[in-house]
Amino acid sequence: MVDPLVMVLAGVVLYTVIATVLERRGHLPGSIRLSGPITTLHTQRGRDFLEWLSGPKRFWRAWGNFGVGIALVVMVGSFLLVGFAGVQAVLDPQPTALNEPRNVLAIPGVNQFLPLSAAVEIVAGLVIGLVVHEGGHGLMCRVEDIDIDSLGLAFLAFIPVGAFVEPDEDSRRRASRGGQTRMFAAGVTNNFAITVIAFALLFGPVAGSISAVAGVPVGGVLPGSAAGEAGLERGDVVASVNGANVSGSAEFDAALAGADDRTVRVGLKRGGVVEIGRELTVTGATAGAPAEVNATIAAVNGSAVYTEQAFRSAIEDRSVATLTVREDEGTSNVTTPIGAYTLPMAGEAFADAGAPAGEAVILTSIDGERTVDNAALSSALDGYAPGDEVRIVGYVDGERRTWDVTLRSPPGGGESAFLGVSVQPGVSGLTVDDLGVDVYPAGTFLGAIGGSGGEGPELLPGGGPIRRAYIALVLPFAGLTIPGIGYSFAGFVGPVAGFYEVNGLLGTLGTGAGLFLANLLFWTAWINLIIGQFNCIPTYPLDGGHILRTSTETVVSRLPIEDGRTVTRAVTTTISLVMLAGVFLMVFGPRLLA
């Protein structure tokens, strides 16, 4: 299958060639102008409307002054954010999907965080953002008596990338610095206003009318797992286990734990019952773990195990066990210590007692209390206080060792006992699953935008509107930026739309229409926030660069300096170059320097 990015680039090249030939032969109207793959469409329509709308000039100037204040605050924040991100990219380059070239492009289906299933809502949000942004510039041009040469749209070949208002340069230069600053800030002010309105509607009545359906939403199935072999897939909702209804993942886990039979009957919300023969699949493995991801643990000390409960019972009283591991290469027996996988921290209690700092220690007991996994280790430590001395038994490279450790307080202070280790999930660095269903955090995502009715942890408990807006901003990248989530949220689109239903007054429109409205508000708010923040970066040709110039001119004009223009140019050029370097390093640095 051809990569979507390759298809888009090929389309851009083909468009550029054809458009250039048509332009040279005089077949394009004068309103269309080309600059390589960039096409701009110019028109004078709309100027009369802007003239009419600019009537209450005192109101619009007050709005403009408010916007200048907002823009300056965001500009300072953008300067610090871009500068910090650029420095981090140099000092600690960590390539992620966020800085892959394809994900720099805001094209649904090409950018992996902007799915094609949300293309209509994303494009609609982009159009709204561009119209209000450039409309703000045009309106303030007329408020400040700046003439407009033309208005229009900009395209990267056939892809809309912006809109513009082209002011008359002589008229703009004659305007006051305050008038120019208000004009340049008007676009981002309107974007932020649209963001607030869209988020208010989404967080309030719209999300409040949406609830997660009863059952267990299947976000995916593990490769080679029992659920995958039985035909479960992303978008399914598990409604029952062995005939007993389950309303969420807690009941689902309890039902599986209470079922001793290898085969379980799983009822689906879409109808039908699927019989799944359980087996113990490795879902996570640290370096040096006794099995790899997607391997199957078939037995412990020769006794067959196929459920998590049976596995737990088989290893509970054994600090060393032989696991029968089935992988693609065949079946093998691996003898390994069984306990919590820990990494002692240098300078902390465990390392100071002789444990090798930074090396894997399989910790099997504390003062005789069994620590079969990380949860058991945490539970055991809860019974102690700082200053208590404990005897720890563990294994290093398969060798049994003991340490007498005096527990300490955590680095941040407190009364809990701190051993001084980082702990990996699971048993001996392994996490296992006997079914292979990966639960989608439908309730968590719904709660993040103000909805209710689904289970799941809060992303940032106790958050106000600003914190909630931040969470909404990072939701499309949640799988990378929020630990423990595993999924990114692109709205109620694609297979995950089946995990939700619309109720109340909004429900009269139907679930499809209600979810579409929620998606439209989400992406409109998200895109307008991005457009506003990006344009506030203090560098040319962005609005932030122009605001930086006019603001610097205002400050310099009040100083006892003879050549103020040179000082202004030096300040704006330096800041712009720093910002351009920061943006380049933030986007491309991790992959170039890693």
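Start by selecting asparagine 242: apart from its neighbours within four places in sequence, this residue is in contact with Ala259, Val264 and Arg265. Keep in mind as you click around that you are looking at a predicted model.

**Stop 1: around asparagine 242**

Show the cartoon and you'll find asparagine 242 in the loop that runs between β7 (237–241) and β8 (244–245). Is this residue buried, exposed or partly exposed? With a relative accessibility of 31%, asparagine 242 counts as partly exposed. Now pick leucine 256 as well and draw a distance between the two C-alpha atoms: asparagine 242 and leucine 256 sit 9.0 Å apart in space, with their positions 14 residues apart in sequence. If your viewer lists backbone angles, check phi here, since asparagine 242 has a positive value of about 55° although it is not a glycine.

**Stop 2: another asparagine**

Next, select asparagine 294. What is there to see in its backbone? Its phi is positive, near 80°, and this is a residue other than glycine. Asparagine 294 belongs to the loop between β11 (280–285) and β12 (296–300). Turn on the surface and you can see some of this residue, as asparagine 294 is partly exposed with a relative accessible area of 42%.

**Stop 3: step back**

Zoom out for a moment and colour by secondary structure. How many helices and strands does the protein chain have? There are 19 helices and 24 strands. Along the principal axes, the C-alpha atoms fill a box of roughly 85 × 60 × 50 Å. The chain has 594 residues, and 45% of them count as buried. Contacts are worth a thought too: among those with a separation of 6 or more, 64% link residues 24 or more positions apart.

**Stop 4: serine 428 and its surroundings**

Select serine 428 and show its side chain. You'll land in the loop between β21 (421–423) and β22 (430–433). Serine 428 has a relative accessible area of 4%, so it is buried. What lies 2.7 Å from a polar atom of its side chain? That is the backbone oxygen of proline 337. Expand the selection to everything serine 428 touches, not counting residues up to four places away in sequence, and you pick up Ala289, Pro290, Pro337, Ile338, Gly339, Tyr341 and Ile362.

From there, hop over to threonine 336. This residue is in strand β15, which spans residues 330–337. Threonine 336 is buried because its relative accessibility is 10%, under the 20% cut-off. Its contacts, leaving aside neighbours within four places in sequence, are Pro290, Ser319, Val320, Ala321 and Leu323. Pro290 may ring a bell: serine 428 touches Pro290, and threonine 336 is in contact with Pro290 too.

**Stop 5: the cavity**

Now for some empty space. How many cavities of 30 Å³ or more are counted? The count comes to one. The largest cavity has a volume of about 50 Å³. To find the spot, select Trp60, Trp63, Gly136, Leu139, Met140, Ala186 and Asn190, which line it. Colour the helices α3 (57–91), α5 (119–143) and α7 (177–208), each of which supplies at least two lining residues. Which helix gives the largest share? That is α5, with three residues. Colour the lining by class and you get five nonpolar residues, two polar ones and no charged ones.

**Stop 6: two cysteines**

For the last stop, select cysteine 141 and cysteine 536. How many disulfides turn up in a search of the whole structure? Zero. Why is cysteine 141 not bonded to its closest cysteine sulfur? That sulfur is in cysteine 536, and because it is 17 Å away, it is too far for a bond. Look from the other end and the picture repeats, with the sulfur of cysteine 141 being the closest to that of cysteine 536, at 17 Å. A disulfide needs the two sulfur atoms within 2.5 Å. Try the surface view one more time here: cysteine 141 counts as buried at 1% relative accessibility, and cysteine 536 counts as buried at 1% as well.

How values were computed: Residues are numbered from 1 along each chain as its sequence is written. This is a predicted model: local features need pLDDT of at least 70, side-chain atom pairs count only at pLDDT 80 or more; totals for chains, interfaces and linings use all residues. Side-chain values use heavy atoms; hydrogens and water are left out. On a 1 Å grid over the protein atoms alone, a cavity is a set of points where a 1.4 Å probe fits but cannot get out, and a pocket is an open set with protein on both sides within 12 Å along at least five of seven lines; lining residues have an atom within 4 Å of a point. Grid points are joined across faces, edges and corners, and a volume is the space filled by probe spheres set on the points. Helices (H or I, at least four residues) and strands (E, at least two) are DSSP runs, numbered from the N terminus. Ala, Val, Leu, Ile, Met, Phe, Trp, Tyr, Cys and Pro count as nonpolar, Asp, Glu, Lys and Arg as charged, and the others, Gly among them, as polar. Buried means under 20% relative accessible area, exposed over 50%, partly exposed in between (1.4 Å probe, protein chains only). A polar contact is a pair of N or O atoms within 3.5 Å; within protein, one must be able to donate a hydrogen and the other to accept it, and residues adjacent in sequence count only if both atoms are side-chain atoms. Contact means heavy atoms within 4.5 Å.
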